[in-house]
Amino acid sequence: MKNFDSRTYSINDFLEWKNNGQLELNPNFQRRSVWNDNAKSFLMDTIVRGLPIPKVFIRQKINVATKNSIREVVDGQQRLRTILSFLNDGFCISKKHNSQYGGYYFSQLSQVDDEIQANILNYEISVDLLVNMPDPQVLDVFSRLNSYSVVLNEQEKINANHFGPFKLLADQIAKKYFEFWIQNKIISEKKCLRMDDVNLTADLLIAMCVGIKEKKKIKTYYDAFEKEFDYDIDQLSDRFDNVMCVIQSIFPNGMSDTEFVRVHLFYSLFTAFYHFLYGLPSYDRVGGDFVIDMNNERQMSKIRHRLDRIGYIFDKADEDIMALSPQEQQFIDSSRRATTDASRRNLRTEFIVELVASAE
């Protein structure tokens with residue numbers, strides 16, 4: 001027998017319940033609020049944009065003495081605390097999350113848009129209403145829900161705890177190239193859904209900002225960039241696009257038949273071309289003054305021909321590795337062991353830079 005109801009309530013409903021003493025945010029099984037300012041701003045930006053947020057679980061009970069319904073927030077306390085705080089001018093949305101409404105308190109939003117306050121109050125939140133459910137049963141419900149939860153991977157955990165401009169930029173760029181990752185078989189659709197595309201994009205953005213680093217430092221840079229990110233977001237986005245344009249110009253029919261479908265080799269291909277276009281930070285210039293010209297079809301063809309050498313090197317390594325040059329043997333070694341270490345990433349990038357420059 002079903003003993004819960006699925007409903008939607010407006011933010012204004014929650015505000016009225018709070019003002020009337022009918023909303024309890026601190027039941028015994030709830031955790032205390034731990035959200036930082038970035039998390040709060042990101043939630044309100046989501047609401048302002050009319051995007052969905054996770055559902056809230058509420059237990060509804062009757063106060064026999066007052067004959068009023070009391071609504072205990074079983075799950076979603078931090079979301080509701082944030083929303084109610086914003087309505088009471090507790091904080092502003094950050095300008096880095098929303099350039100239009102950032103920097104304004106709720107009471108000031110009418111200065112920007114006549115309708116935005118009403119839109120926020122009318123925003124609907126999905127709620128599962130547990131009617132008169134006793135504590136043991138409530139705990140059993142959440143135990144069962146958690147039994148079906150997928151354990152978060154490292155990138156999903158990072159995204160769940162970061163809300164700054166670097167996180168937003170990595171998310172935005174990764175999704176922009178969603179079809180590219182899949183069509184070129186670099187990242188599968190299933191893995192994109194688990195944020196492998198965001199992980200790769202963040203890894204590349206880190207190289208663009210501070211130079212080639214080992215992959216295990218991604219979270220370290222997310223943490224650092226959450227506190228301070230002084231890079232030009234528009235410039236980074238444009239530069240990322242330009243590198244991708246070069247790669248797509250060299251491989252007009254896609255990359256699915258090349259070795260660059262391997263994530264660690266695509267990483268090195270990207271960093272090599274970024275170095276040609278803009279220069280990698282903290283990276284000694286190799287390859288001379290080779291200039292990439294996407295409008296030069298002859299040059300693009302020559303570069304593709306030189307990059308085909310990578311496939312030959314891998315094939316030859318399986319047959320007779322000693323037939324390869326010392327540099328090629330080193331490239332193979334750096335492509336097969338500890339592939340995400342900074343030193344091996346640097347070796348691969350330098351090899352590709354020199355290989356491409358020889359197409360001049």
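**Helices, loops and a pocket**

Trainee: Quick one to start: what does alanine 224 count as for accessibility?

Mentor: Alanine 224 counts as partly exposed, because its relative accessibility is 37%. Buried means under 20% relative accessible area, exposed means over 50%, and partly exposed is in between, using a 1.4 Å probe and protein chains only.

Trainee: What sort of model is this, and how are the residues numbered?

Mentor: This is a predicted model, in which local features need pLDDT of at least 70 and side-chain atom pairs count only at pLDDT 80 or more, while totals for chains, interfaces and linings use all residues. Residues are numbered from 1 along each chain as its sequence is written, and side-chain values use heavy atoms, with hydrogens and water left out.

Trainee: Back to alanine 224, then. Where is the place of alanine 224?

Mentor: Alanine 224 is in helix α11, residues 218–227. Helices here are DSSP runs of H or I with at least four residues, numbered from the N terminus. The C-alpha atom of alanine 224 is separated by 9.8 Å from that of phenylalanine 166, 58 residues apart along the chain.

Trainee: Isoleucine 218 caught my eye too. Which helix is isoleucine 218 found in?

Mentor: Isoleucine 218 is in helix α11. With a relative accessible area of 4%, isoleucine 218 is buried. Leaving aside neighbours within four places in sequence, isoleucine 218 is in contact with Gln155, Ile158, Asn199, Asp203 and Ile206. Contact means heavy atoms within 4.5 Å.

Trainee: And how are the C-alpha atoms of isoleucine 218 and leucine 204 separated?

Mentor: Those two C-alpha atoms are separated by 10.0 Å, with the residues 14 apart along the chain. By contrast, 40 Å separates the C-alpha atoms of isoleucine 218 and serine 110, which are 108 residues apart along the chain.

Trainee: Leucine 204: buried or exposed?

Mentor: Leucine 204 is buried, with a relative accessible area of 0%. This residue lies in helix α10. Beyond its neighbours within four places in sequence, leucine 204 is in contact with Phe240, Phe266, Tyr267, Phe270 and Thr271.

Trainee: New topic: loops. What is said about phi of lysine 185?

Mentor: Phi of lysine 185 is near 60°, a positive value in a residue other than glycine. Most residues other than glycine have a negative phi. Lysine 185 lies in the loop between α8 and α9, and counts as exposed at 59% relative accessibility.

Trainee: What about asparagine 184, buried or exposed?

Mentor: Asparagine 184 counts as buried because its relative accessibility is 7%. It is in the loop between α8 (178–183) and α9 (189–193). Setting aside neighbours within four places in sequence, asparagine 184 is in contact with Gly254, Met255, Ser256 and Val261.

Trainee: What is phi of methionine 195?

Mentor: Phi of methionine 195 is near 75°, a positive value in a residue other than glycine. Methionine 195 is in the loop between α9 and α10 (196–210). It is buried, with a relative accessible area of 16%.

Trainee: Now helix packing. At what angle do α1 and α3 pack?

Mentor: Helix α1 (residues 11–19) and helix α3 (residues 77–87) pack at an angle of about 85°, with their axes 11 Å apart. That makes α1 roughly perpendicular to α3. Angles of 65 to 115 degrees count as roughly perpendicular; axes are lines fitted to C-alpha atoms over the stretch in contact, and angles run from 0 to 180 degrees between N-to-C directions.

Trainee: Which residues make the contact?

Mentor: From α1 there are Ile11, Phe14, Leu15 and Lys18, and from α3 there are Leu80, Ile83, Leu84 and Leu87. They divide into 7 nonpolar, no polar and 1 charged. Ala, Val, Leu, Ile, Met, Phe, Trp, Tyr, Cys and Pro count as nonpolar, Asp, Glu, Lys and Arg as charged, and the others, Gly among them, as polar.

Trainee: Last thing: how much space lies in the second largest pocket?

Mentor: About 290 Å³. Of its 15 lining residues, Lys96, Leu168, Leu169, Gln172 and Ile233 are the closest to its centre. On a 1 Å grid over the protein atoms alone, a cavity is a set of points where a 1.4 Å probe fits but cannot get out, a pocket is an open set with protein on both sides within 12 Å along at least five of seven lines, and lining residues have an atom within 4 Å of a point. Grid points are joined across faces, edges and corners, and the volume is the space filled by probe spheres set on the points.

Trainee: Which helix gives the most to that lining?

Mentor: α7 does, with 4 residues.

Terms used. Helix = DSSP H or I, 4+ residues; strand = E, 2+ residues; numbered from the N terminus. Parallel < 35°, antiparallel > 145°, perpendicular 65-115°, else oblique.
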